[in-house]
Amino acid sequence: MRLQTSLSLHHASVIVDEALRLGREENLLPLTVVVLDAGGKLIAVKSEDGSGIIRFDVAFGKAWGALGMGISSRLIRDRLASRPTFQAALATASDGRLIPVPGGVLVRDEQAFTIGAVGISGDTSDKDEYCAIEAIRHAGLFSEPEEPAEGWRESSLSDTYPGER
């Protein structure tokens with residue numbers, strides 16, 4: 001039996017490897033990258049040495065939430081910022097899996113169909129999202145959002161993790 005896939009293992013592997021390469025190029029903290037197909041099935045995951053044990057759950061939740069809501073996790077955060085009751089309801093409905101911060105990016109094909117999602121966790125959410133968007137492009141696919149957040153390079157965890165750099 002052969003099943004139709006929405007996002008191939010090849011594309012998922014290219015995305016994961018490119019996201020990690022970009023993280024090293026930008027000197028980011030250790031990343032965990034998760035790629036899901038359109039049905040939310042895990043296709044690929046890699047965690048860099050030194051990536052915290054909860055990073056998989058955060059990366060998965062960013063990607064899963066983006067798929068579940070049909071919009072990027074950045075847009076989820078922006079839309080829910082003034083709606084804490086709805087945000088709490090989504091957290092309950094998703095059994096706590098939804099992570100409403102940037103770093104969950106939808107993967108689209110050339111016809112603008114959503115075929116999966118990428119979630120990254122490890123550095124600031126804006127830096128995580130940058131790696132996801134650029135890795136998706138590198139794989140020859142399209143992302144939602146199309147561009148990283150303005151000023152993503154200036155986002156910093158240095159106040160939270162002094163001496164990590």
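**Cores and salt bridges**

Let's start inside. In this predicted model, the largest nonpolar core has 26 residues, and Ile 15, Val 118, Ile 120, Cys 131 and Leu 141 are the ones with the most contacts inside it. Who contributes to this core? At least two residues each come from α1, β1 (32-37), β3 (104-108), β4 (114-121) and α5, so helices and strands both have a stake in it.

Ile 15 makes a handy viewpoint. Leaving aside residues up to four places away in sequence, Ile 15 touches Val 35, Val 118, Ala 135, Ile 136, Ala 139 and Leu 141. Two of the names on that list, Val 118 and Leu 141, also turned up among the core residues with the most contacts. Apart from this core there is another one, made of nine residues, including Leu 36, Ala 63, Ala 66 and Ala 117.

Now for the charged side chains. A search through the whole structure turns up 11 salt bridges. Take Glu 25 and Arg 21, whose closest N and O atoms sit 2.8 Å apart. Why does this pair line up along the helix? Both belong to helix α1 (residues 9-25) and are four residues apart, which means about one helical turn separates them. Glu 25 is partly exposed, at 48% relative accessible area, and Arg 21 is partly exposed too, at 39%.

Another bridge from α1 reaches elsewhere: Arg 24 pairs with Glu 48, with 2.6 Å between the closest N and O atoms. Here the pair links distant parts of the chain, as Arg 24 is in helix α1 while Glu 48 lies in the loop between β2 (42-47) and α2 (55-69), 24 residues apart. Is each partner buried or partly exposed? Arg 24 is partly exposed, with a relative accessible area of 39%, whereas Glu 48 has 16% and is buried. The cut-off for buried is under 20%, so Glu 48 falls on that side of it.

Further along the chain, Arg 137 and Glu 147 meet in a salt bridge of 2.9 Å, N to O. This pair also ties together distant parts of the chain: Arg 137 is in helix α5 (residues 125-138) and Glu 147 is in the segment after β5 (142-144), 10 residues apart. Arg 137 is partly exposed at 33% relative accessible area, and Glu 147 counts as partly exposed at 48%.

One last stop takes us back to Arg 21 and Glu 25: together with Glu 18, they form one network, joined by salt bridges that share partners.

Key
Residues numbered from 1 in each chain as written. Predicted model: local features only at pLDDT ≥ 70, side-chain atom pairs only at ≥ 80, totals over all residues. Heavy atoms only, no water. Salt bridge = Lys/Arg side-chain N within 4 Å of Asp/Glu carboxyl O. Buried < 20%, exposed > 50% of the residue type's maximum accessible area, 1.4 Å probe, protein only. Core = buried A, V, L, I, M, F, W, Y, C linked by side-chain atoms within 4.5 Å. Contact = heavy atoms within 4.5 Å.
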